[in-house]
Amino acid sequence: MIVNQTLQEIMQLNFLPVMVIVFLFIFIRINDPYEHNITLLFSNTLVILLLLIVSDNLDYVCYNNEALPKELHVVAAVFGYNLRIGCLVSLIHIVHRYDQTSRKQVCIMCAPMVLNFLVTLTPFFSHLMFWYDEDNVMRRGPLSLVPHYVCLLYSIALIYYAIRLLKRHSRRDEGIIIITSVAFMLLATAVEMIFRLRGVLMGMIAIATTFYYLYVHIAYFRQDVLTGTLNRASFHADIKKYGDSYITALISIDLNDLKMINDSQGHDAGDRALIEVVSVINAHLLPKCELYRVGGDEFFVICINTEETQVRQMVDCIDDAMKQSRYTWACGVGIWQQGMTFSEVYKDADKKMYRKKTEMKKIQAHLT
């Protein structure tokens, strides 16, 4: 009777989160050919989440069955402590999917997780963290709160990175989703502790991960596949979204001699040229400016609430950096003046870019 009741409670607690994870896993596997890197990132998170559900349920079974060895109970608890942190670290890794991280940064990020793992090993040979007495009751030692502090630390780190995303217009919505998810996960943790419930946090993590994936999935198709910049559709959508109320400048950009590179060195060389130029531009973009690829070698930058002097300084920095690269560019800056329409600013920036391109060709012809 007790066994049937335990199984019934396990099914009740885990049916919904497990089904959410299974359906999400099927969905991301279907999309794997289109977004393989994203599939890998979220597949890792889902595997960790499934293992966490298994460890939590094993812990629950051990708690309700004194006949099972206490060592099994300890193993379940240790896995649970570490897998919770693994979920948070996996989410942080997803947030950083576009960033270049050094080995030092990776070590710093993983240090609390490694420390937690070492601390959670102590129940196997000491009472420093926790142990189970003869009545199967958990007793806590002086290090019992270490996993909670580490979880809180990673939660704060997630919120910090999300706040940084809020400053980048192309990823602002992602920042809002992350902050909301972390807030609800902390609320779910509080509900479990106050009302002594199980399964609330697991359900919340499964739902939050699903919504996060759906956002990343949609955002993926707003980007240019080759360069990682926002694409032409995103350019026109953001023009409509921000309009003349927020946009202060448009920058028209064209990579010089791409056709010649493609014809003489092959299209792979042309692709590398585009990727390198985008990397140079992105390295010097202001936080409120976004780069879009609107054609083969044609790009636009939208500047949101950015002063003209800042825009000019940014263009000068990019120009200096481009001179250090193997490629050249031409650009034109259109400043949004009162009473101007998008079409007028767009044409102004484009006109200035082509004028610059013509001047560069004349100089090059004169030198040769």
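These legends walk through several close-up views of one predicted model.

**View 1. Strand S5 and its two neighbours.** Let's start with strand S5, which covers residues 298-304. Six of its seven residues are buried, so S5 is largely enclosed by the rest of the structure. Strand S3 (residues 247-255) pairs with S5 in the antiparallel sense, and seven bridges hold that pairing. To find your place on this side, look for Ile247, which stands opposite Ile304 in S5. Strand S4 (residues 289-293) also runs antiparallel to S5, here with five bridges. A good marker on this side is Tyr292, whose bridge partner in S5 is Phe300. Follow the chain from S4 to S5 and you pass through a hairpin of four residues.

**View 2. An aromatic cluster around Tyr292.** Stay with Tyr292 and look at its ring. What kind of pair do the rings of Phe235 and Tyr292 make? Their centres are 5.5 Å apart and their planes meet at 65°, so the pair is edge-to-face. Phe235 belongs to helix H8 (residues 232-246) and Tyr292 to strand S4, so this pair ties together parts that are 57 residues apart in sequence. Both Phe235 and Tyr292 are buried. The two are members of one aromatic cluster, along with Phe300, Trp336, Phe342 and Tyr346. Phe300 may ring a bell: in S5, it is the bridge partner of Tyr292.

**View 3. Another aromatic pair, Phe130 and Tyr132.** Across the whole structure, a search turns up 15 aromatic pairs. In the one shown here, the ring centres of Phe130 and Tyr132 are 5.8 Å apart and the planes sit at 80°, so this pair is edge-to-face. Are these two residues buried or exposed? Both Phe130 and Tyr132 are buried.

**View 4. The largest nonpolar core.** Phe130 shows up again here, in a core of 53 residues. Phe130 is among the residues with the most contacts inside this core, together with Phe42, Leu49, Tyr154, Leu158, Ile178 and Tyr212. Plenty of elements chip in: H1, H2, H3, H4, strand S1 (130-132), H5, H6 and H7 each supply at least two residues. Which element gives the most to this core? That would be H3, with 13 residues.

**View 5. The largest cavity.** How many cavities of 30 Å³ or more does a search of the whole structure find? Just one turns up. The largest cavity has a volume of about 80 Å³. Its lining is made by Leu91, Leu158, Ile177, Ile178, Ser181, Val182, Met185, Ala208, Thr209 and Tyr212. The elements giving two or more residues to that lining are H6 and H7, and H6 has the largest share with five. By class, the lining holds eight nonpolar residues, two polar ones and no charged ones. Some of these names are familiar from the core, including Leu158, Ile178 and Tyr212, which are among the residues with the most contacts there.

**View 6. The largest pocket.** This pocket has a volume of about 1,600 Å³. Of its 42 lining residues, Arg84, Arg140, His148, Glu192 and Met193 are the closest to the centre. Helices H1 (2-30), H2 (36-63), H3 (70-95), H5 (146-166), H6 (172-195) and H7 (200-220) each supply at least two residues of the lining, and so does strand S2 (138-140). H3 provides the largest share, with nine residues. Sorted by class, the lining has 25 nonpolar, ten polar and seven charged residues.

**View 7. The second largest pocket.** Here the space comes to about 1,200 Å³. The lining counts 33 residues, and Val95, His96, Arg97, Tyr98 and Asp99 lie nearest the centre. Two or more lining residues come from each of H2, H3, helix H4 (103-120) and H5. The classes here are 15 nonpolar, eleven polar and seven charged.

**View 8. Ile176 on helix H6.** To finish, pick out Ile176, which lies in helix H6. Its relative accessible area is 43%, so Ile176 counts as partly exposed, a label for values between 20% and 50%. Now look across to Gln223, which is 47 residues away from Ile176 along the chain. The C-alpha atoms of Ile176 and Gln223 are separated by 19 Å.

Conventions:
Residues are numbered from 1 along each chain as its sequence is written. This is a predicted model: local features need pLDDT of at least 70, side-chain atom pairs count only at pLDDT 80 or more; totals for chains, interfaces and linings use all residues. Side-chain values use heavy atoms; hydrogens and water are left out. Buried means under 20% relative accessible area, exposed over 50%, partly exposed in between (1.4 Å probe, protein chains only). Two strands pair if DSSP finds at least two bridges between them. On a 1 Å grid over the protein atoms alone, a cavity is a set of points where a 1.4 Å probe fits but cannot get out, and a pocket is an open set with protein on both sides within 12 Å along at least five of seven lines; lining residues have an atom within 4 Å of a point. Grid points are joined across faces, edges and corners, and a volume is the space filled by probe spheres set on the points. Ala, Val, Leu, Ile, Met, Phe, Trp, Tyr, Cys and Pro count as nonpolar, Asp, Glu, Lys and Arg as charged, and the others, Gly among them, as polar. Rings of Phe, Tyr and Trp (its six-membered ring) pair if their centres lie within 6.5 Å; planes under 30 degrees apart count as stacked, over 60 as edge-to-face and the rest as tilted. A nonpolar core is a set of buried Ala, Val, Leu, Ile, Met, Phe, Trp, Tyr and Cys residues joined through side-chain atoms within 4.5 Å.
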